[in-house]
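Biologist: Please show me the model, and let me ask what lies behind the terms you use for it.

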Amino acid sequence: MYSDKVMDHFENPRNVGEIENASGIGTVGNAKCGDIMRIYLDIDDDGVIKDCKFKTFGCGAAVATSSMATELVKGKSIEEAMKVTNKAVMEALDGLPPVKVHCSLLAEEAIHAALWDYAQKNGIEISGLQKPKSDIHEGEEDGEEY
């Protein structure tokens, strides 16, 4: 069901924890399944993500996508981090079962939410960044499946 990479990131998650005085913190959830993901970013004066940590409450796929997302943005510029999509997270994990794709969406949204927080704190605009949703299903019709 899960790839070896998903299992590895679930059993040995990278970058778990919090960053004190983080440059940006993003929290998103999925009310339909109960997953909550929080990403912490430490961004230097040149706009490079020096460190990235996460705390996730959820299933194994949510933990694995959080872990992989932190690996994908660490050391990257803000612009490069903006290009980390749910598809990129899934590909880096060698895929996810269709019923777990929403976990990769959480990871993408949590990164964007942390970048939004950073931009708000610093009074800057990040090209292509929109105000994040607190729940990945925000704005959907009730009863819609994911």
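**Cysteines, helices and strands**

Modeller: The model is a predicted one. In it, the sulfur of cysteine 103 has its closest cysteine sulfur in cysteine 59, 3.7 Å away, which is too far for a bond.

Biologist: How do you know that 3.7 Å is too far for a bond?

Modeller: A disulfide needs the two cysteine sulfur atoms within 2.5 Å. The sulfur atoms of cysteine 103 and cysteine 59 are 3.7 Å apart, so the pair does not count. By this rule there are zero disulfides. Cysteine 59 is in no disulfide either, as the nearest cysteine sulfur is that of cysteine 103.

Biologist: Is cysteine 103 buried or exposed, and how do you know?

Modeller: Buried means under 20% relative accessible area. Cysteine 103 has 0%, so cysteine 103 is buried.

Biologist: What makes helix 2 oblique to helix 5?

Modeller: The axes of helix 2 (residues 60-73) and helix 5 (residues 101-122) come within 8 Å and cross at roughly 40°. An angle under 35 degrees would count as roughly parallel, and 65 to 115 as roughly perpendicular. The crossing fits neither range, so helix 2 is oblique to helix 5. Helix 2 passes helix 5 in a right-handed crossing.

Biologist: Which residues meet between helix 2 and helix 5?

Modeller: From helix 2 they are Ala61, Ala62, Thr65, Ala69 and Val73, and from helix 5 they are Cys103, Ser104, Ala107 and Ile111.

Biologist: Why is strand 1 called largely enclosed?

Modeller: Strand 1 covers residues 24-30, and five of its seven residues are buried, so the rest of the structure largely encloses strand 1.

Biologist: How do you know that strand 1 and strand 2 pair?

Modeller: Pairing takes at least two bridges between the strands. Strand 1 and strand 2 (residues 35-43) have seven, in the antiparallel sense, so they pair. Glycine 26 stands opposite isoleucine 39 in strand 2. The hairpin has four residues between the strands, and glycine 34 takes a positive phi near 90°.

Biologist: Which residues other than glycine have a positive phi?

Modeller: Among them are asparagine 15, with phi near 65°, and aspartate 94, with phi near 60°. Most residues other than glycine have a negative phi.

Biologist: Why is asparagine 15 called buried and aspartate 94 exposed?

Modeller: Asparagine 15, in the loop between helix 1 and strand 1, has 13% relative accessibility, under 20%, so asparagine 15 counts as buried. Aspartate 94, in the loop between helix 4 and helix 5, has 51%, over 50%, so aspartate 94 counts as exposed.

Definitions and conventions:
Residues are numbered from 1 along each chain as its sequence is written. This is a predicted model: local features need pLDDT of at least 70, side-chain atom pairs count only at pLDDT 80 or more; totals for chains, interfaces and linings use all residues. Side-chain values use heavy atoms; hydrogens and water are left out. Buried means under 20% relative accessible area, exposed over 50%, partly exposed in between (1.4 Å probe, protein chains only). Helices (H or I, at least four residues) and strands (E, at least two) are DSSP runs, numbered from the N terminus. Axes are lines fitted to C-alpha atoms, for helices over the stretch in contact, and angles run from 0 to 180 degrees between N-to-C directions. Angles under 35 degrees count as roughly parallel, over 145 as roughly antiparallel, 65 to 115 as roughly perpendicular and the rest as oblique. A crossing is left-handed if the near helix is turned anticlockwise from the far one by less than a right angle, and right-handed if clockwise. Contact means heavy atoms within 4.5 Å.
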